[in-house]
Amino acid sequence: QEKSCRLSAALLGEGSEISQEQLYELLKYAALGKCHSSAQPSWCRIYHQSHLAGVVVVVVHEMSQLHFYRFYLQFKHLRKMFRHRFTLTPSANFPVSLYGEGTNLKPQNTPQGLTSSSSECITKSSDLQCDPIIQRYGEKKQGLTSYTLTLEEQKKNDYPIEGSPACKGYISTECDQQRTDSSPLFGLDCEMCLTAKGSEVTRVSLVDARGRCLLNELVKPESTVVNYRTRFSGITKKMLLPVKTRLSDIQTRLKEMLPHDAVLVGHSLNSDLQALEMIHPSVIDTSLLFARSEGRRFKLKFLAKAVLGKEIQCEQKLGHDPTEDARAALELAQFFIEQGPTKVAELNLEMLLTAEKLAEVSQNKAELQPQGCGFQEQLNEPPPLSKPCFLDCLQVTGQKPLLLGREGLDSSGLCQSNLQSTSNKQILQRALEDVPLSKFSVIQFSLGPEYIASHLYTGLHEKVRSKLTDMLTIYAGPFEENFCLKSVKKEFGRCGPIQSLAVVTETFQPYVCIQYEVLEAAQLAVESLNGAEVAGSCIKVQRPVSAAMLDCNVLIKELELDVENEGVIYVAGLKKSLTETDLQEEFSQLKDLEALFLPKDPQSGKHRNCCFLKFQKSQSAVDALEAINGWTMKGSELRSRNALAPGHLWRWIWQMNHSNGKQGKHIFYEKMEQLSDCEQDLRRRVKKLDQHIKKLYRSLQKNTLCVVLFPGVN
């Protein structure tokens, strides 16, 4: 059978927000794959990437998450076609990271070029602030103890940890003395081969702070060797035949050689310690020390050349020399400690890496160079100093992406085709023709500059905020004059977390106004308590009546049927003392339960009295609803219904409820009339845009990754 490429990602709660770097990870791996040293994204997984037909990024210029909520009903096709949706954390330089500084994303008079003049060769201090090294360590020089990995960092990066079940049988170096900035550094590197047991060490090298080799020993693996990995390890069957040294011998020697306050240095040292089956508490990992964005790492060979000016792991040699690698890692750490983060950041390693790759392409892959790509014509020319962007990475592989938009997007010369148009319809027509011919395409649609004015955006935000507040609010009553407010709060609290509760006294008999924190709670209250007896009165439960709320029931129904909420149910009435583990245990009997999300207050960290359950099959969610309603858990009666608000909307509502900069009503109503004049036209444009996206999506080949971005206006 033909393998189908698919995407798997977390969709509940905390997984609903991704950073610019995480999106970059996804696009890079999708476009380049493993053959170009790209790694699977850290937050999701692409299955069968090699079968991917192409990547299409649709940028809906000038539109943000706010617009998606405001015109939710108009985005009918977008909602049906795209089930994975995430909030993209704000980033001023997001467009630059995707397109590069030379690519004009929004109307401006003079597009910036991709190269800088020689007077700009020194990295600006403002740029340094964005450097991952400065962000991690600050600008000032520090002692070596500031660069050793913390216990949490070691756990995160798969280092052997004392007491970990995975490290049962591992030997400790017993270097347990307090480290100081004058503690001795030792470089360590191992070479491994593949055996029936897995990866086993075949050679170990240790160097001291002066670079002197203290240990360079071949090791006989315990299990039968399956692959010597000679190309990398330099180890052959003949070399290991006379060897008697075993892993236990090396462990003993290392314990004897290392002083009690030793700090081990290596490049991805976790692999070496895992192979040695040894635990050491204090390490400096140069693959993490020279920090990069998006979780990427520089190779040791590149760092040695760029920082130390040394050539290691030369192709003429058979395999790597572990002593050479251990010494290089040690010297890199010493350079970092002596020079400090600022000096290292000023080396502009990211730029050097891009320039090196471009030079390799121009030298060795001239046949892949498309016309007008803008490669350096002379090797002695200074490398371009603009920040590496996604299109640069594609360019290194010989691919030339397609870029279509309403402005002069291709000022960089990086792309095979570009369209400067005044019409979304023209862009769509061109996309339908050209996208099937390209492996990577960026299509930019636009509403037009007249719709990005700040006052219109602010007015739109206030309308969405006002409507969501009304949807979260219910009125209940009438009650008797001396009714028990505590009983009312308790009964309505069983539907979900309450944001605020107030008694309405303007009416003949008292009513209660309740604003919930989640949409499901308000809807559950309307459905389950309307006509019920509460605090001794038979009450009516309803939402506020206003012009904006006339389509509330339609919106609720659309939210419920949204593909994002397929197989997801909301459960309320939980005791706050219950932990996530308790709930997993209680709900384990439910068939096909895939995930559980227990919302927390982002400020206090306390759990809410509700949760969301995601099931693998829609029918299992329906069955669970029937089973849970009326279910008693730890003395508390549960209530449930289909989910309405996915994680990204849940977060947005929480931020809306807790934001301090709410505008006064008078400012809002001053803008209402002006906003209404253009909103009718805006609705029509959004509906048309939705149809364009549908046509483009339906024209794509099978196994195409399609991403739609709402980048916002600022």
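Visitor: In this predicted model, which residue of β10 is the bridge partner of L194?

Guide: Pairing between strands is best read residue by residue, starting from one bridge. In this predicted model, L194 has N227 as its bridge partner in β10. Strands β7 and β10 (residues 225-227) run antiparallel and are joined by two bridges.

Visitor: Which other strands are joined to β7, and in what sense do they run?

Guide: One should follow the strand along its partners in turn. With β8 (residues 199-207), β7 pairs in the antiparallel sense over eight bridges, and C190 has V204 in β8 as its bridge partner. With β11 (residues 263-266), β7 runs parallel, joined by three bridges; there V265 is the bridge partner of G187.

Visitor: How many residues lie between the strands in the hairpin of β7 and β8, and which residue takes a positive phi?

Guide: In a hairpin, the backbone angles of the turn deserve inspection. Three residues lie between β7 and β8, and G198 takes a positive phi near 140 degrees.

Visitor: Is strand β7 largely enclosed or open to the outside?

Guide: Burial is judged by relative accessible area, the cut-off for buried being under 20%. Strand β7 (residues 185-195) is largely enclosed by the rest of the structure, because 10 of its 11 residues are buried. For the protein chain as a whole, buried residues make up 51% of the 714 residues.

Visitor: Can the same reading be applied to a loop residue? Where does P160 lie, and is P160 buried or exposed?

Guide: A loop residue is read by its place, its accessibility and its contacts. P160 lies in the loop between α7 (151-156) and β6 (171-172). P160 has a relative accessible area of 2%, so it is buried. Leaving aside residues up to four places away in sequence, P160 touches Q154, C167, Y170, N270, L273, Q274, M278 and I279. The C-alpha atoms of P160 and I171 are separated by 9.9 Å, with the two residues 11 apart along the chain.

Visitor: C167 appears among those contacts. Are C167 and C130 buried or partly exposed, and how many disulfides does the structure hold?

Guide: A disulfide is a covalent bond between the sulfur atoms of two cysteines. The structure holds zero disulfides. C167 is buried, at a relative accessible area of 8%, whereas C130 is partly exposed at 42% relative accessibility.

Visitor: How should a sheet be described? What is the order of the strands in the open sheet with parallel pairing?

Guide: A sheet is described by strand order, by its edges and by the angles between neighbours. The open sheet with parallel pairing has four strands in the order β14-β15-β4-β28. Its edge strands, β14 (402-404) and β28 (704-709), each pair on one side only. Neighbouring strands are turned by 10 degrees against each other on average, direction ignored. Within this sheet, β4 (residues 54-61) and β15 (residues 440-446) pair in the parallel sense over seven bridges, and V59 stands opposite Q444.

Visitor: Which helix packs on this sheet by touching β4, β15 and β28, and which lies across β14 and β15?

Guide: For a helix on a sheet, one notes the strands in contact and the angle. Helix α1 (residues 20-32) touches β4, β15 and β28, and its direction makes about 155 degrees with that of β28. Helix α18 (residues 424-434) lies across β14 and β15, running at about 165 degrees to β15.

Visitor: What is the order of the strands in the open sheet with antiparallel pairing?

Guide: The four strands of that sheet follow the order β17-β18-β16-β21. The edges are β17 (498-504) and β21 (540-542), each pairing on one side only. The twist averages 20 degrees from one strand to the next. Strand β16 (residues 473-477) runs antiparallel to β21 and is joined to it by three bridges; A476 stands opposite V541. Helix α20 (residues 485-493) lies across β16, β17, β18 (511-516) and β21, at about 140 degrees to β17.

Visitor: Where does pLDDT stay under 50?

Guide: Where pLDDT is low, the predicted coordinates should not be read in detail. The protein chain averages a pLDDT of 81, and 79% of the residues score at least 70. Over residues 101-124 pLDDT stays under 50, and the model has 42 contacts beyond four places in sequence for this stretch. Residues 660-675 also have a pLDDT below 50, with 19 contacts beyond near neighbours in sequence.

Methods. Residues are numbered from 1 along each chain as its sequence is written. This is a predicted model: local features need pLDDT of at least 70, side-chain atom pairs count only at pLDDT 80 or more; totals for chains, interfaces and linings use all residues. Side-chain values use heavy atoms; hydrogens and water are left out. Two strands pair if DSSP finds at least two bridges between them. Axes are lines fitted to C-alpha atoms, for helices over the stretch in contact, and angles run from 0 to 180 degrees between N-to-C directions. Contact means heavy atoms within 4.5 Å. A disulfide is a pair of cysteine sulfur atoms within 2.5 Å. Buried means under 20% relative accessible area, exposed over 50%, partly exposed in between (1.4 Å probe, protein chains only). pLDDT is the predictor's confidence in each residue, from 0 to 100.
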